[in-house]
Amino acid sequence: MFNIVKGTHDVIKEEAKKYSYIEEALANFATIYGYKEFRTPIIENSELFTRSVGNSSDIVRKEMYTFEDKGGRSITLRPEMTAGTIRSMVNEKLFAIQDYPVKAFYCGPNFRYERPQQGRYRQFNQFGVECAGVTTVERDVEVIALAYSMLQFLGFEDVKLSINTLGDEETRTNYKNALKEYFSKHVDNMCSDCKERFNLNIMRILDCKVESDRKIIDKAPKISSYLSTNAKEKFDKTLNYLKDLDIPYVIDEELVRGLDYYTGIVFEFHYTSKNGNNYGAICAGGHYGHLISEIGGPDLEGVGFAFGIERLAKVMEDDGLFPDLDDGIDLFIMPIGEKARNFSVSLAYNLRNLFFSTEICYEDKSFSQMFKKAERRNAKLALIIGENELEKKEVTLKDLNTKEQETIKIDDLLKVLYKYFEQDEHNHEHSEHECCCGHHSHQDCDNDDHECHHEHDESDHCCCHKHEK
Ligand code: AMP
């Protein structure tokens, strides 16, 4: 037995189905907003993250999985996906045609050596978007609206959007000076992280969670008093748009985000499930001013966010926000005897090619054991094939829900199955124009490889199970 690596978790069966549901829903929404999928490598050169996420961030200082490869290069398992996505845009010269914004969405695992706790893993999945090459407030708002719409679609009713602005250069210079002056009187009594942050990036002190430090931080100067006219105008405009779109928000002046590349607005979505669980931010993002040029691209800005799939799945599970993700199969075939087993091989092959999810019991089992197996697989129908029936070209179909059963001609099987699943309220997705030969309509059957010698019924279904060349 090998233990799973600390801070990682297996996502299997029903849980994997839930992750796929979330990821598909988010991808569909991102596509509606014009984003294209980017799949970038999990490993990147370490310098990408030290340059982008930043030397003063906890991620770079303490949390990266970095190793030297056999060629002596310093490689890091990505701790986030913005840097890799922007690197890919630069490498692929997507900014060259100057048709902005370049819109990317991504989904995949990330790695951070954090202290594992509720909602915090060392390998976790993110879904995110990057809208690169933009400066307008409208794009910032569009990206926040996208995250909000996604959450609404997933069933979140009162999700909390926290927003702040880190202002422009002028704002940050003045604010950092004010913070320096204030914290210089307190830093000796603060945690070791804060001492480091004081020198590396003083605004990150605001992010400290140590209780004794919080008392000091709460009395620190607020950024709102240092916003330049331009930064204030931009932030007010952003908030007005959010009001227009009916997206509720709270301003959180201590929200600075843990990655150094943010400038301008930063935001997080939080949610507490009905039983009181809060796993931390379920989505976080912001505007980045220099990231693209830092990575070697043109001097353009961008905005993006990332959802944490683990946290989303957990709160959705807590509050019953998942639809019925039926993972039962359509048919469980129970062959009795050698001949029936032989027949079942091609029958199952053909049915599966027609998208009927099918399982077979090849093992010698009693009826009651086979029905147990069907039940465990949550099968809708059992298809019993006995030797005598087979000789008469018949099979018995049992509805495992109503327990009704009927014996039918094998040639009628497809017709009966289509009728059953059309009536099945679970909106079964079998096409009207499929033939069990695997081609999509019976017209297609008349090609060089296959000639269908069986008659097709009125609805274009072919009821054969075998084809001749
Ligand atoms: P970040 O890349 O830090 O801005 O995080 C974006 C989102 O990823 C957060 O809001 C979380 O939902 C999720 N996330 C970040 N770190 C972790 C982690 N260690 N475990 C699980 N989810 C995480």
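Strand β14 and strand β15 (residues 394–399) are joined by four bridges and run antiparallel. This pairing comes from a predicted model.

**Around strand β14**

Start with one residue, Leu381. Its bridge partner in β15 is Asp399. Leu331 also stands opposite Leu381 in β14. A further pairing involves β12: five bridges join β12 to β14, and these two strands run parallel.

How many of the five residues of β14 (residues 381–385) are buried? Five of the five are, so the strand is largely enclosed by the rest of the structure. Both of its faces are covered. Leu381, Leu383 and Ile385 lie on one side, and Ala382 and Ile384 on the other.

**Three residues outside β14**

Here are three residues with their places and relative accessibilities.

| Residue | Location | Relative accessibility |
|---|---|---|
| Asp319 | loop between α11 (309–318) and β12 (331–335) | 13%, buried |
| Phe67 | strand β3 (residues 65–68) | 38%, partly exposed |
| Glu47 | helix α2 (residues 46–52) | 49%, partly exposed |

Is Asp319 buried or exposed? Buried means under 20% relative accessible area. Asp319 has 13%, so it counts as buried. Leaving aside residues up to four places away in sequence, Asp319 touches Tyr271, Ser273, Lys274 and Asn275.

Phe67 is partly exposed. It forms a nonpolar patch on the surface with Ile42 and Ile43. Together the three have about 240 Å² of accessible area.

Glu47 is also partly exposed. Where does Ser74 sit relative to Glu47? The two are 27 residues apart in sequence. In space, they are 8.0 Å apart, C-alpha to C-alpha.

**The whole protein**

Now step back. The protein has 15 helices and 16 strands. It has 469 residues, and 51% of them count as buried. About 24000 Å² is exposed, with carbon and sulfur atoms supplying 47% of that area.

Contacts often span the sequence. Take those between residues at least 6 apart in sequence: 68% of them join residues at least 24 apart.

How confident is the predictor? The mean pLDDT is 89, and 90% of the residues reach 70 or more. Residues 425–469 have a pLDDT below 50. In the model, this stretch still has 86 contacts beyond near neighbours in sequence.

Methods:
Residues are numbered from 1 along each chain as its sequence is written. This is a predicted model: local features need pLDDT of at least 70, side-chain atom pairs count only at pLDDT 80 or more; totals for chains, interfaces and linings use all residues. Side-chain values use heavy atoms; hydrogens and water are left out. Patches are made of residues with over 30% relative accessible area and no salt bridge: like charges are joined within 9 Å, nonpolar side chains (Val, Leu, Ile, Met, Phe, Trp, Tyr) within 5 Å. Accessible areas come from the Shrake-Rupley method with a 1.4 Å probe; for residues, only the protein chains shown count as cover. A salt bridge is a side-chain nitrogen of Lys or Arg within 4 Å of a carboxyl oxygen of Asp or Glu. Buried means under 20% relative accessible area, exposed over 50%, partly exposed in between (1.4 Å probe, protein chains only). Contact means heavy atoms within 4.5 Å. pLDDT is the predictor's confidence in each residue, from 0 to 100. Two strands pair if DSSP finds at least two bridges between them.
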